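Here are a few notes to read with the structure open. Have a look at the fold before going through the points.

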Amino acid sequence: MTDPIADYLTRIRNAVQARHKVVEIPASRVKAELTRVLHEKGYILSYKIEEGKPSNIIKIALKYHPETKQSAIKKMIRVSRPGLRYYTKVEKMPRVLNGLGIAIISTSKGIITDKEAKTLNVGGEVMCYVY
């Protein structure tokens, strides 16, 4: 697999489109941090990292509106990819849907959102947009 982050986003996107309640994804540190950020910002209900024999698995419980059955995640877009990395300075931090969505940034302070990167005054690699 050349781009595990794109695979992670695609699995979540497909599970949301198929209205699944839970999605299982092969675990890594970066994927666990992405999941933590999505949970903190309210895009997923909960998550659990299960230890397994061949590899660890992240189980993500997706979040839907109780009445309309709309998902909390409308779109997930991969920005930086292996063929073309996208880095940004704190002054040129992207705004997703005029501040309604989040950009997940990989910085020297860890994987954080665009708003947290502005408050910490750090730039980094823009991994994806979520809204």
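1. Start just past helix α1, at R19: this residue takes a positive phi of about 60°. Keep in mind as you look that the model is a predicted one.

2. Now step back into the helix itself. α1 covers residues 4-17. Its 14 residues should span 20 Å at 1.5 Å a residue, and the end C-alpha atoms are 20 Å apart, so the expected and modelled lengths agree.

3. Which residues of α1 are buried? They are I5, D7, Y8, L9, I12, A15 and V16. Their cover includes the helix α2 (29-40) and the strands β1 (22-26), β3 (57-62), β4 (76-78) and β8 (124-130).

4. For the whole fold, count three helices and eight strands. Along the sequence they come in the order α-β-α-β-β-β-β-β-β-α-β. The radius of gyration is 15 Å, close to the 14 Å from the globule rule for 131 residues, so the protein is as compact as a globular protein of that length. As for the box that the C-alpha atoms fill, it is roughly 40 × 40 × 25 Å along the principal axes.

5. On the inside, 40% of the 131 residues are buried. Take the contacts between residues at least 6 apart in sequence: 61% of them join residues at least 24 apart.

6. On the outside, the protein exposes about 7900 Å², with carbon and sulfur atoms supplying 52% of that area. There are 24 positive and 12 negative charges, and the mean positions of the two sets are 4 Å apart.

Conventions: Residues are numbered from 1 along each chain as its sequence is written. This is a predicted model: local features need pLDDT of at least 70, side-chain atom pairs count only at pLDDT 80 or more; totals for chains, interfaces and linings use all residues. Side-chain values use heavy atoms; hydrogens and water are left out. Helices (H or I, at least four residues) and strands (E, at least two) are DSSP runs, numbered from the N terminus. The radius of gyration is taken over C-alpha atoms; the globule rule is 2.2 Å times the number of residues to the power 0.38. Buried means under 20% relative accessible area, exposed over 50%, partly exposed in between (1.4 Å probe, protein chains only). Contact means heavy atoms within 4.5 Å. Accessible areas come from the Shrake-Rupley method with a 1.4 Å probe; for residues, only the protein chains shown count as cover. Lys and Arg count as positive and Asp and Glu as negative; His and the chain ends are not counted. The place of a charge is taken as NZ of Lys, CZ of Arg, CG of Asp or CD of Glu. The expected span of a helix is 1.5 Å times one less than its number of residues.
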